[in-house]
Amino acid sequence: MDGYGQAHAKIATSSGKTHNLTTVLLRTSSPTDATDPMKLHADKPDQLSVTAHGDGWIAVNGERYSSSVVLLASGTVRPWGVARLDELTAEHFSELIGGDGPPPELVLLGSGTRLRFVAPALLRPLIEQRIGVETMDTPAACRTFNILAGEGRRVVAALLIEA
């Protein structure tokens, strides 16, 4: 480990809010030396986070959504005009590229309550722009979005929320 280390933890504050913390061990002379300084980094407070989910809904920063949404790590939540997986078109994926700022490096497709895949031809707009695509059920996509957005990655989550 060459004298450096890193650990991750979650801490609940007195206000009830949970923060992800990264502990960085700056320098150690030995693996058992507990007197070395540590630096703690709290999550960015303006970061989007899926705070809860259930059948037919998700909550983003405490606000509940019951129809499909697109989450951008840059801090935007917008409606995604699709209710079911079989309604998806290439245009739905094209709209994930546009917007302010640089294009995403990864799109997470939350396919609803269970894992289902779309036809590869629908993903062509993303593939042509060299944007990665990962498909998973919506709860898994929510968890993955929180992790990647917390790391500062340019990630978009397109989440199908089925009624």
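**Reasoning from values to terms**

Modeller: Arg130 lies in the loop between α2 (124–128) and β10. The model in which this is seen is a predicted one.

Colleague: Is Arg130 to be called buried or exposed, and what makes it so?

Modeller: The relative accessible area of Arg130 is 78%. A residue counts as exposed over 50%, so Arg130, at 78%, is exposed.

Colleague: What is the phi of Arg130?

Modeller: Phi of Arg130 is near 60°, which is positive although the residue is not glycine. Most residues other than glycine have a negative phi. Asn61 also has a positive phi, near 50°, and is likewise a residue other than glycine. Asn61 sits in the loop between β5 and β6 (63–65).

Colleague: Why is Asn61 called partly exposed?

Modeller: Its relative accessible area is 43%. Partly exposed describes what falls between under 20%, which is buried, and over 50%, which is exposed. Asn61, at 43%, therefore belongs to the partly exposed class.

Colleague: What makes β8 (76–79) and β10 (132–136) edge strands?

Modeller: Each of the two pairs on one side only. They stand at the ends of the order β8-β7-β11-β9-β10, an open sheet of 5 strands with mixed pairing. From one strand to the next, the twist averages 15°.

Colleague: How do you know that β9 and β11 pair, and how many bridges join them?

Modeller: There are 5 bridges between β9 and β11, and the two strands run parallel. Pairing requires at least two bridges, so 5 bridges satisfy the requirement. One of the bridge partners in β11 is Val155, which is matched with Leu106.

Colleague: Which strands does α3 touch as it packs on the sheet?

Modeller: α3 touches β7, β9, β10 and β11, and its direction makes about 155° with that of β9.

Colleague: What makes a set of residues a nonpolar core, and how many residues has the largest?

Modeller: The members must be buried residues of the nonpolar kinds, joined through side-chain atoms within 4.5 Å. The largest such core has 20 residues, and Ile58, Val69, Leu71, Leu108, Phe145, Val155 and Leu159 have the most contacts inside it. Elements giving two or more residues to this core are β5 (57–60), β7 (69–72), β9 (106–110), α3 (138–150) and β11 (155–159). α3 gives the most, with 6 residues. A second, separate core has 17 residues, among them Leu123, Leu126, Val156 and Ala158.

Colleague: With which residues is Leu159 in contact, leaving aside its neighbours within four places in sequence?

Modeller: Its contacts are Ile58, Ser68, Val69, Leu71, Trp80, Gly110, Thr138, Ala141 and Cys142.

Terms used: Residues numbered from 1 in each chain as written. Predicted model: local features only at pLDDT ≥ 70, side-chain atom pairs only at ≥ 80, totals over all residues. Heavy atoms only, no water. Buried < 20%, exposed > 50% of the residue type's maximum accessible area, 1.4 Å probe, protein only. Helix = DSSP H or I, 4+ residues; strand = E, 2+ residues; numbered from the N terminus. Contact = heavy atoms within 4.5 Å. Axes fitted to C-alpha atoms, helices over the stretch in contact; angles between N-to-C directions.
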